[in-house]
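Visitor: I have the sequence and the structure open on the bench computer. Could you walk me through some of the features?
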Amino acid sequence: MSVPHRHGGDPAVGPRGDGAPPPADPAGAVTATAPPDTERRAAEDRSSVGRLAATVERLRGEVRAAHAAAEGRALIELAKGVIVERLGCGPAQAARQLAVLAEQAGLSQLELAADIINQASRDRVSEVADDFVRRTAAEAGGPAAGADASVAVRLRTAESAALNAGDSQAVAESLLAHALAPLGACAVAIWTTGTDSSLTLRGHAGFGEDEPARWRYVPPGVATAARQALAGRRTVWLPSLGSTGIPSIGHARHPDGGRVVVPAGTGGRIHGVLEICWPRPLDPQPQAVQRQIEALAELCAHTLETPSAHPVPVRPAPSDALSELVELADGLYDPVLVLTPHLDIDGHLRDFRIRHANAHFQDPAGRPRSAVDGALLLEAYPTTAGESELFERIERVYATGEPFRARRTSLTALVDQVPLASAADISISRHGDSVLLVWRIEDESARLASLLQHAQRLGRIGGFEEDVLTGEITWNGQLYDLFGRDAGEAPVSVRALTSHAHPDDAAVIGRFLRAVLHQGRPGSANFRMLRRDGVTRHIRVIAEPTVDADRRLLAVRGAYQDISAQHWTEVALAATRDQLAVTEQESAERNRLTLQLQHAIMPPTRAPLAAPGLDVAVRYRPAETESLVGGDWYDAVVLPSKKILLCVGDIAGHGIGAATGMVVLRNALRGLAVTGAGPAQLLSWLNSVAHHLTAQVTATAVCGVFDPGTRTLRWARAGHLPPVLVRGPRATALPMLQGMLLGALAEAEYDEAEIQLEPDDTLLMYTDGLVERRDTSVHDSVTQLLTMAQAPAENLERRLDLLLTHSKSDTDDDTCLIGVRVS
C-alpha cells in the first residue's frame, strides 16, 4: 500500500520557489530592484528554501506512507496466519493464496485480509463491520461496494495500530486517523479513572498543543462530559456541547460541536472513558455508527487494561493478591466477604463469587462458612439485588473503583437479626480485581447504655444501689459529681443522708427514709445538699426498696437528680409572677383613672345644646378595650358673640398621655375661640400650643364656627376628614382643604372655607373611629358613611344613633360624632 507524495526540486520552480514569474511594472517590463549579482543570489536562496520545504514535505509523506503500509501489512500478516491455520499450508503458499483470492474477488489484499479476520474472529469489530455492510447493501439495493467494505478495513487498521502502539497517546492518534476522522470527528481524548473518581488524560489527538495541558487532570466532583458517562456507566450523546453548558476538553475551539462519551471497560470494570469531538452539532447517528463507537471504546479498554505493546496481554497471577486480601479479611473484627467478578462467556459481568468469608461472618440460614465460600452472591443471597441496592453498589464500586461508605443501612440479607440490621455500617472497596465488603452491626445494648449515660449526664442524674445486708454501695460516675466527692472515696449511704443535708430539711428526709427503709414503699424527697466545697445544691432523691418473700428489706435502688436549675427557675418565675401581678394592677388602676378622666370631660352622651336656630347633638363611643383609652374629643359651645364653636379632634396614641393631651387642646381651643378669630387662625394657634406647650403631642382636628343669623359656616381642617353635609336625600363630603396635622411643625397655615346652610340641612363632624377599617381604604369607608347618612331619620338624635349602630369600624378606636341641624 503506497501513498502518493510530492518530490521537491522541480526544475520548473521559479526563483521565488513557487513557479511564479517575477513582478512586472504596469508597462509589462520587468522591474530591476537590485543589481544583477544581488538578485541572482537572492533567487538562489529562495530556490534553496523551496527545495528544503519540498524535501521536508516529501519525507513526511514517506513516513505516513510507511506507517500506513506497516499497519496494512499487520492485517495482511494476520490474514496469512488464518489461512495457514485453516489450510495447513506454509506462509509462502498462504501469501500466494491471498493474492489469488483478492484478484478473484476484485478486492485489494488489505480489504480481503480484513474480511478474513472478521470471519475468523467474530468479535465486536466484525459484528460492527458486517452490520454496516448489510445496512449499506440494503439501502443501495444490491451488494455492498468496496467503499462500504472499507469500514472493516478502518476498524481492523485502528485495532492493529492500537495493539501495536506503545502508549495511549499513539492509540488516540490511530483511532482518530483510521476510524473516527471518516465519521467526521475532529478530536478524541482517552481518560483513565482513579479510585477517587478523578480523571487523567492519557491520550489525545486533534485538540492542539495548549488544550491538553490544561485538562491533564480533572479532580473529583468536577461535572464534565466524561464524568457524566462515568457516573451513569453509559454512553452519553451530546448533540451540542454549548447548549448543555458542561465544560470539557476542546470546548473553546468547538463550542457548538457534538460530543460522544463512552465508558471504556471490560468484564464489568471501567478502565477509562473515550471522548469523541465533532466540529459541528451532531445529528442522530445510525445504529451501525453507534456500535462502531462502542467497539472502539472496548478496544480502548483493552489497551488501558494492558498498556504494554504485547500482542497477548500478560497478567500477573491473582493468587498472591487474593491471598493477601483474605489475610486482611481474617484480621478484621467485623464480618467480611471477599468477592471476585463472575463473567459470562461474552465477558459481561453477571455476578460476584464469594472467595472468602472471615470467621466473624455468620450465615443467616445457618450454613457453615465452607458452604458459602465459592458460591455466587446472587445465588446464595438473592435479596441483595433488591435490598438497599446492595448488589448494584458492589457492581458500581467494581466498575468505577470509587469506594462506598454508608451508616445505619439495612442489611437483612446477610444478617440474621433483623432489628439489629437497621444499624449496619457498610464499607465496599475495590482491591485489584476483588471487592471487599465489610459491615459492622452496632451492639444494641451498648448503644442503649451509651444513650442512658448521655441522658443521665444531660439530666444531671446519678444512680445508686445499696445492699442492706452487706452494706455494699454502688454509685455511677455522675453521682460522685453531684455529691462533690472523688471517685476513690466511699459512697454515702441513704441512712446517712441527713448529715449531708440542710438542717431545715431533716424532717423531709426522715419521712423519706421511713417510707423506704421501714414501710417498704417507694419514696421521693427534695432537699438541699450541703457539699464540703461550700456549694449548696437542690437535690431530688427517688428510691424503691427490694424485699424478699417475707417482706424483709434486701436492697435499695434509686437515683439522685440535681434540680438546682429547676429550683432557681421556679423562684425566678414566682418573683416574675408577683411582679407581673403588681404591674397588671398598676396598669388597670391607671387605665381606670384615665377612663374616668376621659368620661368626666367627654361623656358618652350629653344634653342638647341650647343654640338659637340650630339643633346640636353629640355622641362619644369609647374604645371597646379599656386598655386602649384614646384621645378623641369633641366640643360644641356658644361663644360670647352668639356664634357656635363646633369641633372634633383625635390625639395620636392611647393611654394617660393621650387623655391629658386631649384635655390641653380642648381647653386651649375654647379659650382661643373667645377672641372671635376664624377657624383657620384658631387651628394655627392650636398648632403652636400642640408643638410648644405639650410633650410633642400630634393630633388631627376639624373646627367650624356657625353664625345663626346668616346660617353661614366657616370651617378649616388639620389633617382630619372633612365634615359631611346631608341636604335632602343626598349626603356629600365637604372639600378636602389644605391643612397639616397639629404639632408636626412649629408654624403652620391652614385654608378656610365657607358654606351657606339651608333649613333642614344636617352637618356631621366625626373622628376616624366611625369609619376606619383594617381591610378597607379610607375612600371606600367614607363612601359607606355617606350611604348610611342618606338614610331617613326621625330626628337628629336618631340619626346619630343609627350612624353609631351601623358603623362598620373594626379598629377598636374611640369615636366622636357631632350632628348639627339647621332649623
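Guide: A definition comes first: two strands are said to pair if DSSP finds at least two bridges between them. Please also bear in mind that this is a predicted model.

Visitor: Understood. What is the strand order in the open sheet that contains β8 and β9?
Guide: That sheet has 5 strands in the order β8-β7-β11-β10-β9, and their pairing is antiparallel. Its edge strands are β8 and β9 (404-409), each of which pairs on one side only. From one strand to the next, the twist averages 25°.

Visitor: How many bridges join β9 and β10?
Guide: β9 pairs with strand β10 (residues 424-431) over 4 bridges, in the antiparallel sense. Within that pairing, Arg 405 has Ser 427 of β10 as its bridge partner.

Visitor: And the open sheet with β19 in it, which strands are at its edges?
Guide: This open sheet of 5 strands runs β19-β20-β21-β22-β25 with antiparallel pairing. β19 (631-638) and β25 (753-756) are the edge strands, each pairing on one side only. The twist here averages 15° from one strand to the next. Inside the sheet, strand β21 (residues 699-707) and strand β22 (residues 712-718) are joined by 6 bridges in the antiparallel sense. Val 705, for instance, has Arg 714 in β22 as its bridge partner.

Visitor: What do β23 and β24 form?
Guide: They form a hairpin with 2 residues between the strands. Strand β23 (residues 724-727) pairs with strand β24 (residues 730-733) over 4 antiparallel bridges, and Val 726 is the bridge partner of Ala 731 in β24. In the turn, Gly 728 has a positive phi of about 65°.

Visitor: Which strand besides that one pairs with β23?
Guide: β23 also pairs with strand β26 (residues 762-766), in the antiparallel sense and over 3 bridges. There, Leu 725 has Leu 763 of β26 as its bridge partner.

Visitor: Changing topic to aromatics: how many pairs are there?
Guide: The structure holds 8 aromatic pairs. In one of them, the ring centres of Phe 352 and Tyr 398 are 5.8 Å apart and the planes meet at 80°, so the pair is edge-to-face. Phe 352 belongs to strand β8 (residues 349-357) and Tyr 398 to helix α14 (residues 390-400), so this pair ties together parts that are 46 residues apart in sequence.

Visitor: Are Phe 352 and Tyr 398 buried or exposed?
Guide: Both Phe 352 and Tyr 398 are buried. Another edge-to-face pair is Trp 475 with Tyr 480, at 5.2 Å centre to centre and 70° between the planes. Trp 475 and Tyr 480 are buried too. Ring pairs also link Trp 475 and Tyr 480 into a cluster with Phe 464, Phe 483 and Tyr 560.

Visitor: What about cavities, and how much space is in the largest?
Guide: There are 2 cavities of 30 Å³ or more, and about 60 Å³ of space lies in the largest. Its lining includes Leu 770, Val 771, Met 788 and Lys 808. By type, the lining residues divide into 4 nonpolar, 4 polar and 1 charged.

Visitor: Last one: which residues of helix α8 are buried?
Guide: In α8 (residues 225-232), the buried residues are Ala 225, Ala 226, Arg 227, Ala 229 and Leu 230. Arg 233 follows the helix and has a positive phi, near 50°.

Notes: Residues numbered from 1 in each chain as written. Predicted model: local features only at pLDDT ≥ 70, side-chain atom pairs only at ≥ 80, totals over all residues. Heavy atoms only, no water. Buried < 20%, exposed > 50% of the residue type's maximum accessible area, 1.4 Å probe, protein only. 1 Å grid on protein atoms, 1.4 Å probe; cavity = no way out; pocket = protein on both sides within 12 Å on 5 of 7 lines; lining within 4 Å. Points joined across faces, edges and corners; volume = space filled by probe spheres on them. Nonpolar A, V, L, I, M, F, W, Y, C, P; charged D, E, K, R; others polar. Phe/Tyr/Trp six-rings, centres within 6.5 Å; stacked < 30°, edge-to-face > 60°. Axes fitted to C-alpha atoms, helices over the stretch in contact; angles between N-to-C directions.
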